[in-house]
Structure formats: structure tokens, C-alpha cells
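Subject: Structure for your review

Dear colleague,

Please find the structure below, together with its sequence. A summary of what was found in it follows.

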Amino acid sequence: MTAHQPRTALVTGANRGIGREIARQLAGHGIHVLLSGRDRAAVTGAARDLREEGLDVEPLVLDVTGTESIRAAAEEVGSRHGSLDVLVNNAAVRVERYGRMPSEQSLREWRETFDTNLFGVVEVTLAFLPLIRRSPAGRIVNVSSMLASLTRHSDTTSYTYSDTFKALPAYSASKSGVNSWTVHLAYELRDTPIKVNSVHPGYTRTDMNDGAGDLDVRTGARTGVGMALLDDDGPSGTYVHMGEVVPW
């Protein structure tokens, strides 16, 4: 792209938390960022705040659980920008309650979790993939979690091997599904310039974690930003955290 045509990135669930920080950091690299979320007031306010920092950010209403919302957003981006260089699938929910065993979480919570965390990722990706194919070097970043790792969940020395994180079976399984989607899509796109990767942000202090965590959002956003900015010789179909491969 020329200096007058900056790369364009779309970040879902970006009005707060890690998504907002990913948007901030990508804009700081000179990328025009579409900051999206389902609440118009929230995304408009978040975009306004970042623009006041001198960043090139545009609000976009996008509900990842709504087919019509996704279709309308893809049409709007196509009409305004013609292509999309980076898609960061960040939007996610955690509706399960801590303090319960896996069998005590309801089927309703499983369905609600998968609707956003997995099916939303797939549907958004499918809707925007034609625009990403128009980019000379498209990047798709799926924000996963350490809780997606079956290896870590089975490791008695891992922090995931605990009552706290075994209380989130639907969330964990939905993120494992995201990793599987990453691997399958990366295979399909292996002979194209598009790279598809999953990232574990780290245990980051956000509202989703009720404020718990080891990392601040600035640090938690770094892995996703790094994979969005991959060079042409970067990997595809991987699952990483801070430059290190996470076991599936």
C-alpha cells in the first residue's frame, strides 16, 4: 500500500479490554483500524477516545452473533475500503460461573458461549475473507486462550489444572474449536499470501476475568498485534504466546 493508502485492520469486540488495546497498538503502527462491537454508543465512544490520542480509528457496528449485522458490516467495509488487510477475531464471552464443576454448567451456557466464541469467529471470517483475499498480504488473527490447550489442561503442573479453570468447560472447548478452525483455514490458504494464526494473550486483567490476571492489557495485546504484523516469511497455522508455540 502507498503512504496515502494505509493498511486496514478490523478488530472485533474492540470497545474495551484486550480488543481495544489491540486496536490502539495497531493504529500506533500506522494502520487504519476499524474498531468494532455490537453496541453503537460503546464503539463510537471508544473510537473517539483513540482518535483524541491521534490514532486513525473508525467505529464499526458488528454483532458477531448476528448474520445480518455481519453481512452489513462486510458490505460497509467493502464499499468504503475495497479490501481488508488484517482481521483480528477478538470478540468472546465467558458466561460460566466460577465455583462449579464442569457437569454443573448448563447446556444454555454452552450454546451461548459457542455462538460468540466459535460460530461468530467462523461467520465473521467467512464474510470478510473475500476482502482479505484482495489484500497483498492478508492476516487473520484468532484470539484463543491457554484454556484451549488440551495438553495444558492435562498437565498437573499447569495453572489450568485447577478447580478455577475446570469451571469453564464451554469456554475452553470453544477456544479449542477456534484453534481447529485456525489449522483448517491455514491449510486452505497455504498457497496464498494470507496467514492465519491463533494467539494466547496471557492471563490478562480484564472484565472477563473479573479483574484477575498476571498481565495488564498492554502486555496482553502484544502477541495478537505481533501476529497481525507478520512479515511474508512468518508462520501460518500456529498457536503462540509471546513468540513461543503453545501445545495444542
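Ser198 has Tyr239, in strand E7, as its bridge partner. Please note that the model is a predicted one. Ser198 itself belongs to strand E6, and E6 pairs with E7 through 2 bridges in the parallel sense.

The surroundings of Ser198

The relative accessible area of Ser198 is 0%, and the cut-off for a buried residue is under 20%, so Ser198 counts as buried. Its side chain makes a polar contact of 2.7 Å with the side chain of Thr182. Leaving aside residues up to four places away in sequence, Ser198 touches Asn142, Ser144, Val178, Asn179, Thr182, Thr238, Tyr239 and Val240. Tyr239 thus appears both among these contacts and as the bridge partner noted above.

Strand E6 and its neighbours

The covering of Ser198 is shared by the rest of its strand: 5 of the 5 residues in E6 are buried. In a regular strand, side chains alternate between the two faces of the sheet. In E6, Val196 and Ser198 point one way, while Lys195, Asn197 and Val199 point the other way, and all are buried. E6 also pairs with E5, in the parallel sense and over 5 bridges. Within that pairing, Val143 stands opposite Val199 of E6.

The sheet as a whole

These strands belong to an open sheet of 8 strands with mixed pairing, in the order E3-E2-E1-E4-E5-E6-E7-E8. Its edge strands, each of which pairs on one side only, are E3 (57-61) and E8 (244-245). Elsewhere in the sheet, strand E1 (residues 8-11) runs parallel to strand E2 (residues 32-37), and 4 bridges join them. Val11 has Leu35 in E2 as its bridge partner.

Two helices that lie across strands may also be noted. Helix H2 (residues 40-51) lies across E2 and E3 and runs at about 175° to E3. Helix H8 (residues 217-228) lies across strands E4 (86-89), E5 (139-143), E6 (195-199) and E7 (239-241), running at about 160° to E5.

Helix packing around H4

Helix H4 (residues 107-133) and helix H7 (residues 169-188) have axes that come within 8 Å and cross at roughly 20°. Angles under 35 degrees count as roughly parallel, and H4 and H7 are therefore roughly parallel to each other. Their crossing is right-handed. The residues that meet include Trp110, Phe114, Leu118 and Val122 from H4, and Tyr171, Val178, Trp181 and Leu185 from H7. Val178 is also one of the residues touched by Ser198.

H4 has a further contact, with helix H3 (residues 67-81): the axes of H3 and H4 come within 10 Å and cross at roughly 20°. That angle makes H3 roughly parallel to H4. The contact is made by Thr67, Ile70, Ala73, Ala74, Val77 and Gly78 of H3 together with Glu123, Val124, Ala127, Phe128 and Leu131 of H4. H3 passes H4 in a right-handed crossing.

A further residue: Phe165

Phe165 is found in helix H6 (residues 163-166). Its relative accessibility is 8%, so Phe165 counts as buried. From C-alpha to C-alpha, Phe165 and Val11 are 26 Å apart in space, and they are separated by 154 residues in sequence.

Yours sincerely,

A colleague

Notes. Residues are numbered from 1 along each chain as its sequence is written. This is a predicted model: local features need pLDDT of at least 70, side-chain atom pairs count only at pLDDT 80 or more; totals for chains, interfaces and linings use all residues. Side-chain values use heavy atoms; hydrogens and water are left out. Two strands pair if DSSP finds at least two bridges between them. Contact means heavy atoms within 4.5 Å. Axes are lines fitted to C-alpha atoms, for helices over the stretch in contact, and angles run from 0 to 180 degrees between N-to-C directions. Buried means under 20% relative accessible area, exposed over 50%, partly exposed in between (1.4 Å probe, protein chains only). A polar contact is a pair of N or O atoms within 3.5 Å; within protein, one must be able to donate a hydrogen and the other to accept it, and residues adjacent in sequence count only if both atoms are side-chain atoms. Angles under 35 degrees count as roughly parallel, over 145 as roughly antiparallel, 65 to 115 as roughly perpendicular and the rest as oblique. A crossing is left-handed if the near helix is turned anticlockwise from the far one by less than a right angle, and right-handed if clockwise.
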